[in-house]
Amino acid sequence: MSEFDDLLAANAEYAARFSGSDLSGRASRGLAVVTCMDSRIDPLGLLGLAPGDAKILRNAGARVTDDVLRTLVLAVYLLGVERVLVMPHTDCGMSKVTDADVHALTQEKGVDTRSLEFHTVPDQQAALRHDLTRIRTTPFFPHPLPVGGAIYDVRTGQLHPVEL
Ligand SMILES: [Zn+2]
């Protein structure tokens with residue numbers, strides 16, 4: 001018995017139905033999506049994508065961090081990515097707290113997180129435009145690399161372009 005038994009059981013059923021895959025690791029639609037870890041988001045489903053189509057990068061708040069940039073560089077040069085969509089969402093937990101709030105919360109549990117930057121989002125539109133600019137101005141991508149931003153509405157399923 002483990003905390004993961006439900007997942008192993010589900011995978012056994014999945015693998016029994018799995019017909020094998022001849023997909024490569026390249027993104028066949030040439031797309032990378034940067035989105036949030038929020039459990040309400042189905043990135044493939046909401047964009048009409050299937051496994052094999054796109055690289056999906058997820059973190060808290062859909063922020064373009066150093067590690068996201070690193071991953072995008074690899075995705076562009078090694079894995080067929082030719083366009084990037086940055087897609088935060090409505091009702092994001094990251095827009096409801098500040099880094100100071102999180103540090104205070106962990107402090108109550110006796111944990112010091114001040115060495116971590118959480119990249120919380122006081123202004124979602126401003127953060128998204130900042131992150132798009134970060135991708136567009138990095139010297140590491142070939143030009144032109146189409147980069148777009150849109151906010152996903154978790155209540156309606158609609159995508160609202162910010163810069164597309
Ligand atoms: Zn979120």
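**A five-stranded sheet, a zinc ion and a set of salt bridges**

The structure holds zero disulfides, where a disulfide is taken as a pair of cysteine sulfur atoms within 2.5 Å. This is a predicted model, in which local features need pLDDT of at least 70 and side-chain atom pairs count only at pLDDT 80 or more, whereas totals for chains, interfaces and linings use all residues. Residues are numbered from 1 along each chain as its sequence is written, and side-chain values use heavy atoms, with hydrogens and water left out.

Two cysteines take part in the metal site instead: the protein donors of the zinc ion are C36 (SG), H89 (NE2) and C92 (SG), which lie 2.0 to 2.3 Å from the ion. Donors are N, O and S atoms within 2.8 Å of the metal (3.2 Å for Na, K and Ca), and since water is not among the atoms, sites may look incomplete. Along the chain, the donors of the zinc ion follow the spacing C-x52-H-x2-C. Distant parts of the chain are linked in this way, with C36 in strand β1 and C92 in the loop between β3 and α4, 56 residues apart. The helices (H or I, at least four residues) and strands (E, at least two) named here are DSSP runs, numbered from the N terminus. C36 counts as buried because its relative accessible area is 4%, and C92 counts as buried because its relative accessibility is 5%; in these terms buried means under 20% relative accessible area, exposed over 50%, and partly exposed in between (1.4 Å probe, protein chains only).

Strand β1 leads on to the sheet. Five strands form an open sheet in the order β2-β1-β3-β4-β5, with mixed pairing, where two strands pair if DSSP finds at least two bridges between them. The strands β2 and β5 stand at the edges with a single partner strand each, so one side of each is left without a neighbour in the sheet. On average, neighbouring strands of this sheet are turned by 25° against each other, direction ignored. Within the sheet, β3 and β4 run parallel and are joined by three bridges, and L85 stands opposite G148 in β4.

Helices lie against these strands. Helix α3 lies across β1, β2 and β3 and runs at about 175° to β2, while helix α5 (residues 124-137) lies across β3, β4 and β5 and runs at about 155° to β4. For these angles, axes are lines fitted to C-alpha atoms, for helices over the stretch in contact, and the angles run from 0 to 180 degrees between N-to-C directions; contact itself means heavy atoms within 4.5 Å.

Two residues show how such contacts look in detail. E163 has its place in strand β5 and counts as partly exposed because its relative accessible area is 23%. Not counting residues up to four places away in sequence, E163 touches R129, L132, R136, V147, G148 and G149. The C-alpha atoms of E163 and L105 are separated by 34 Å, with their positions 58 residues apart along the chain. H103, by contrast, lies in helix α4 and counts as buried because its relative accessibility is 15%; with the same sequence neighbours left out, H103 touches T113, R114, L116 and F118.

Charged side chains add a further layer. A search of the whole structure finds 11 salt bridges, a salt bridge being a side-chain nitrogen of Lys or Arg within 4 Å of a carboxyl oxygen of Asp or Glu. One of them joins the side chains of R29 and D53 (3.8 Å, N to O), and this pair links distant parts of the chain, since R29 is in the loop between α1 (5-17) and β1 (31-36) and D53 is in the loop between α2 (43-46) and β2 (54-59), 24 residues apart. R29 is partly exposed at 39% relative accessible area, whereas D53 is buried at 12%.

A local pair is found in helix α3 (residues 66-78), where D67 and R70 lie three residues apart, about one turn of the helix. Their salt bridge brings the closest N and O atoms to 2.7 Å, and both D67, at 44% relative accessibility, and R70, at 47%, are partly exposed.

The side chains of D91 and R155 also meet in a salt bridge (3.4 Å, N to O), with D91 in the loop between β3 (83-87) and α4 (99-108) and R155 in the loop between β4 (147-152) and β5 (159-163), 64 residues apart. D91 is partly exposed at 32% relative accessibility, and R155 is exposed at 64%. Salt bridges that share partners join D38, R40, D91, K96 and R155 into one network.
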